[in-house]
Amino acid sequence: MRLDYNRGELRREDLKPDPFEQFTLWLDEACRAGMVDPNAMSLATASAVARPSVRTVLLKSFDSRGFVFFTNLESRKAREIAENSQVALLFPWLALERQVIISGAAEKTSTAEALAYFVKRPLGSQLAAWASPQSGVITSRKILESKWEEMKRKFVEGKVPLPSFWGGYRVIPSEIEFWQGRPSRLHDRFVYRRQPDASWLIEQLAP
């Protein structure tokens with residue numbers, strides 16, 4: 001179960017000066033490679049007592065401010081972010097032998113941003129947001145399905161409002177690492193570190 005990575009290399013002179021430009025380049029290449037859910041990212045959070053948890057969420061937008069995802073604001077991830085805003089993201093683009101690792105602080109997006117995305121979701125996903133007490137204990141799937149059917153009847157006209165307990169988070173990065181697999185485990189790793197003046201310092205890391 002060991003592969004030697006030889007699909008590419010990453011050199012200092014190849015890097016964009018801005019990490020968001022570099023991320024855009026790599027995301028576009030992941031999309032063109034036909035990867036399943038190239039916007040899927042692992043989100044690591046930790047509670048106030050430093051108990052970690054991790055799950056996969058979907059990146060829905062990004063710009064120079066940060067990386068945005070949406071969720072139930074009463075979920076475990078939301079509770080932990082409220083206790084400890086420091087989080088990490090991982091994009092595991094394994095088919096390209098690449099990873100992007102992001103560390104930073106998560107803050108809520110505006111309600112307007114959440115609404116703008118929510119209205120674009122498929123109807124089923126909108127109903128599920130109302131039906132699921134995310135991260136809460138349920139005694140059976142039938143309860144969840146019954147609640148979903150109840151929401152279908154409640155919003156039979158198809159216009160589903162934004163739940164008060166649903167919204168978005170923006171991860172504002174302090175570090176963004178680009179990792180390219182290389183033969184003999186001599187991988188290429190470059191990290192962008194945000195400086196006090198908001199510029200980015202680029203450093204190479206040993207594999």
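These notebook entries record what I looked up in a predicted model.

**Entry 1. Nonpolar cores**

I began with the nonpolar cores. The largest of them holds 32 residues, and Phe23, Trp93 and Val100 have the most contacts inside it. Helix H1, residues 19-32, supplies the largest share of this core, namely five residues. A second core of twelve residues lies apart from it; Ala114, Phe118, Ala129 and Leu162 are among its members. I note as background that nonpolar side chains tend to be buried together in soluble globular proteins.

I then listed the neighbours of Phe23. Leaving aside residues up to four places away in sequence, Phe23 touches Leu59, Phe62, Phe67, Phe91, Trp93, Val100 and Phe178.

**Entry 2. Aromatic pairs**

I searched the whole structure for aromatic pairs and found 18. How are the rings of Phe62 and Phe67 arranged? Their centres are 5.8 Å apart and their planes meet at 20°, so I recorded the pair as stacked, the limit being under 30 degrees. I also checked the burial of both partners. Phe67 is buried at a relative accessible area of 0%, whereas Phe62 is partly exposed at 25%.

The pair of Trp130 and Phe165 is edge-to-face, because the ring planes stand at 80°, with centres 5.7 Å apart. Trp130 belongs to helix H4 (residues 123-131), while Phe165 sits in the loop between helix H5 (141-154) and S7; the pair therefore ties together parts that are 35 residues apart in sequence. Here Trp130 counts as partly exposed, with 22% relative accessibility, and Phe165 counts as buried, with 17%.

I next looked for aromatic clusters. One is formed by Phe20, Phe23, Phe62, Phe67, Phe91, Trp93 and Trp200. Phe62 and Phe67, the stacked pair above, are thus among the members of this cluster.

**Entry 3. Charges over rings**

I looked up charged ends placed over aromatic rings. The charged end of Lys154 sits over the ring of Trp130, at 5.5 Å from the ring centre. For Arg185, the charged end sits over the ring of Tyr5, at 5.0 Å from the centre.

**Entry 4. Helix H4**

I returned to H4, the helix that carries Trp130. Which residues of H4 are buried? I found Gln126, Leu127, Ala129 and Ala131 to be buried. Against what do the buried residues of H4 pack? Their packing partners are helix H3 (111-118), H5 and S7. Ala129 also appears among the residues of the twelve-residue core.

**Entry 5. Salt bridges**

A search of the whole structure gave 15 salt bridges. As a general remark, side chains of opposite charge can pair when their charged atoms come close.

I examined Glu80 and Arg76 and found a salt bridge, with 3.0 Å between the closest N and O atoms. The two residues are about one helical turn apart, because they lie four residues apart in helix H2 (residues 76-83). Glu80 is buried at 6% relative accessible area, and Arg76 is partly exposed at 30%.

I then examined Glu113 and Arg170, a salt bridge whose closest N and O atoms are 2.5 Å apart. Glu113 is in helix H3 and Arg170 in strand S7, so this pair ties together parts that are 57 residues apart in sequence. Glu113 is partly exposed, with 26% relative accessibility; Arg170 is buried, with 5%.

A further salt bridge joins Arg141 to Glu145, the closest N and O atoms being 2.9 Å apart. Both residues are in helix H5, four residues from each other, which is about one turn of the helix. Arg141 is exposed at 57% relative accessibility, and Glu145 is partly exposed at 39%. I also traced one network, in which salt bridges that share partners join Glu9, Arg11, Glu13, Asp14, Arg182 and Asp188.

**Entry 6. His187**

I closed with His187, which is located in the loop between strand S7 (166-180) and strand S8 (188-194). Is His187 buried or exposed? At 11% relative accessibility His187 counts as buried, because the limit is under 20%. Which backbone atom does the His187 side chain reach? The side chain reaches the backbone nitrogen of Arg182 at 3.1 Å; Arg182 is also part of the salt-bridge network. Not counting residues up to four places away in sequence, His187 touches Tyr5, Trp179, Gln180, Gly181, Arg182 and Pro207. Of these, Tyr5 carries the ring over which the charged end of Arg185 sits.

Notes:
Residues are numbered from 1 along each chain as its sequence is written. This is a predicted model: local features need pLDDT of at least 70, side-chain atom pairs count only at pLDDT 80 or more; totals for chains, interfaces and linings use all residues. Side-chain values use heavy atoms; hydrogens and water are left out. A nonpolar core is a set of buried Ala, Val, Leu, Ile, Met, Phe, Trp, Tyr and Cys residues joined through side-chain atoms within 4.5 Å. Buried means under 20% relative accessible area, exposed over 50%, partly exposed in between (1.4 Å probe, protein chains only). Contact means heavy atoms within 4.5 Å. A polar contact is a pair of N or O atoms within 3.5 Å; within protein, one must be able to donate a hydrogen and the other to accept it, and residues adjacent in sequence count only if both atoms are side-chain atoms. Rings of Phe, Tyr and Trp (its six-membered ring) pair if their centres lie within 6.5 Å; planes under 30 degrees apart count as stacked, over 60 as edge-to-face and the rest as tilted. A charge sits over a ring if NZ of Lys or CZ of Arg is within 6 Å of the ring centre and within 35 degrees of the ring normal. A salt bridge is a side-chain nitrogen of Lys or Arg within 4 Å of a carboxyl oxygen of Asp or Glu.
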